[in-house]
Amino acid sequence: MFINVDAVHDSPALPEQVDVVVIGGGIVGTTAAYELARQGVSVALLEKGLIGAEQSSRNWGWVRQQNRDMFELPLAMYSLDRWEAFSQEISRDVGFRRNGIVYTTDSQATLAKWGGLGATGPGARFYQPYVEWRRSPQARPGTTSTCIGGVWSPSDAQAEPSMACSAIATGAREHGAYLHQNCAVRGLDLHDGRVSGVWTEHGLIKASTVICAGGAWSSRFCRRHGVELPSANIMGTALQTTAAPEVTPGCLITPRVALRRRLDGSYTLALPGLGRVEISPKGFVMRANSTPPTAAN
C-alpha cells in the first residue's frame with residue numbers, strides 16, 4: 001500500500017557529537033527522539049529513507065488498550081494519554097481521535113472470554129472504566145455479518161499514520177534534535193568494548209548511547225555486531241479505499257476484516273490474524289519459533 005507521508009525538513013548539518021543517536025525514523029524512533037529532546041537531551045534522529053515512510057505509515061492506525069495482555073495494559077493506557085498530549089505540545093495534528101474501537105466475534109467461547117475478563121477476571125480493574133459489553137445487533141454497526149456480540153472501548157483511539165511520525169519528528173527538531181533523512185547508519189563505533197558513536201553514510205557521529213529503532217532492519221544491523229535479534233518479517237494485507245459513507249465512527253474488527261475510517265473519508269481495510277513469512281533461511285528459523293500473528297496496530 002503506497003502512502004504519501006507528510007514531508008519533514010532535515011537539520012542543516014550533521015552533528016559531530018550528541019548524547020544519544022536514534023536509528024530509525026518510524027513511530028518508535030521519532031517518539032524516542034521527541035521525548036529525549038523535550039527533556040533537554042542532545043539527540044540525533046537518523047533515518048535511511050524518509051521519516052515514517054515504511055511500516056509506520058502502513059499500519060492500521062489503531063491506538064488501543066482493548067484486547068491487550070494484562071502486562072501491556074498500564075503502558076497502553078499511558079500511551080493513549082501521551083498521544084492525546086502530542087498535538088497540544090507540538091501544535092500539530094497527528095490525526096489522533098478517541099473514536100473508540102469495536103471488536104466483534106461469531107464465537108460463543110470468545111464472547112464468554114471477553115465477558116470474564118471485564119466483569120470478574122484479572123482485567124476487571126482495567127477494563128471496567130472503558131469497555132462496554134455488547135450483544136447483537138448493537139455489536140455490529142452497519143454490517144450484515146453473523147457476529148453474535150462484541151466489546152466496545154469508547155476511549156480507545158486512532159491516529160493517522162501518514163501524519164503522526166512527521167509531526168512528532170518535527171516537534172523533536174523544534175526541541176533541538178538533529179534530524180537527518182537518507183542517512184543510513186552503517187554500524188557502531190566501538191572503543192574498549194563500549195559504544196562511542198555511529199558510522200553513517202555521511203560520516204561519524206560521536207555518542208555514548210545509541211537507540212536502535214530500525215524495525216524490520218534492526219536484526220540485520222545487530223547481526224553486524226554479533227547480536228542475534230530474533231525477529232521475523234511478516235507480510236500482512238492492507239488497502240486503502242476511496243472516500244465512502246461512515247460505517248462506524250471509530251475502528252471495527254470482525255472475524256474476517258478490520259477497518260478504520262481515515263480523516264479524508266476513505267478507509268483502511270486489513271485482514272486480521274493472517275500473515276505470510278517469506279521462504280528464506282531466516283524465515284524458516286523464525287517460523288519454527290513463532291506463533292501465528294495477531295491483530296496489528
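How far is R64 from the nearest side chain of opposite charge? The tour comes to that residue after an overview.

**Before selecting anything**

The model is predicted, and local features need pLDDT of at least 70, side-chain atom pairs count only at pLDDT 80 or more, while totals for chains, interfaces and linings use all residues. Residues are numbered from 1 along each chain as its sequence is written, and side-chain values use heavy atoms, with hydrogens and water left out.

Show the whole protein chain. It has seven helices and 18 strands; helices (H or I, at least four residues) and strands (E, at least two) are DSSP runs, numbered from the N terminus. Of the 297 residues, 43% are buried. Buried means under 20% relative accessible area, exposed over 50%, and partly exposed in between (1.4 Å probe, protein chains only).

**Stop 1: R64**

Select R64, in the loop between strand 3 (62–63) and helix 2 (73–90). R64 is buried but has no salt bridge, and E72, the nearest side chain of opposite charge, is 6.0 Å away. For charge, Lys and Arg count as positive and Asp and Glu as negative; His and the chain ends are not counted. A salt bridge is a side-chain nitrogen of Lys or Arg within 4 Å of a carboxyl oxygen of Asp or Glu. Now add Q66: the R64 side chain reaches the backbone oxygen of Q66 at 3.0 Å.

**Stop 2: salt bridges around helix 2**

The structure holds 14 salt bridges. Select E89 and R38, whose closest N and O atoms are 3.8 Å apart in one of these bridges. This pair links distant parts of the chain, with E89 in helix 2 and R38 in helix 1, 51 residues apart. Both ends are partly exposed: E89 at 33% relative accessibility and R38 at 38%.

Next, add R82, which meets E89 in a salt bridge at 3.0 Å, N to O. R82 counts as buried, at 12% relative accessibility. Through salt bridges that share partners, E35, R38, R82 and E89 form one network.

Then select R98 and D81, whose side chains meet in a salt bridge at 3.6 Å, N to O. R98 is in the loop between helix 2 and strand 4 (101–105) and D81 is in helix 2, so the pair ties together parts 17 residues apart in sequence.

**Stop 3: T30 and L50**

Select T30 in helix 1 (residues 27–38). At 0% relative accessibility, T30 counts as buried. Leaving aside neighbours within four places in sequence, its contacts include L45, I51 and C165, where contact means heavy atoms within 4.5 Å.

Move to L50, in the loop between strand 2 (43–46) and strand 3. L50 is partly exposed, at 44% relative accessibility. Which residues does L50 touch, not counting those up to four places away in sequence? They are Q181 and N182. L50 and N182 are 132 residues apart in sequence, yet 6.5 Å apart in space, C-alpha to C-alpha.

**Stop 4: strands 15 to 17**

Select strand 15 (residues 251–253) and strand 16 (residues 258–261), which pair in the antiparallel sense over three bridges. Two strands pair if DSSP finds at least two bridges between them. I253 stands opposite A258 in strand 16, and a hairpin of four residues joins strand 15 to strand 16.

Finally, add strand 17 (residues 267–270), which pairs with strand 16 in the antiparallel sense over four bridges. Here Y267 in strand 17 is the bridge partner of R261. The hairpin of strand 16 and strand 17 has five residues between the strands, and in it G265 takes a positive phi near 90°.

How values were computed: A polar contact is a pair of N or O atoms within 3.5 Å; within protein, one must be able to donate a hydrogen and the other to accept it, and residues adjacent in sequence count only if both atoms are side-chain atoms.
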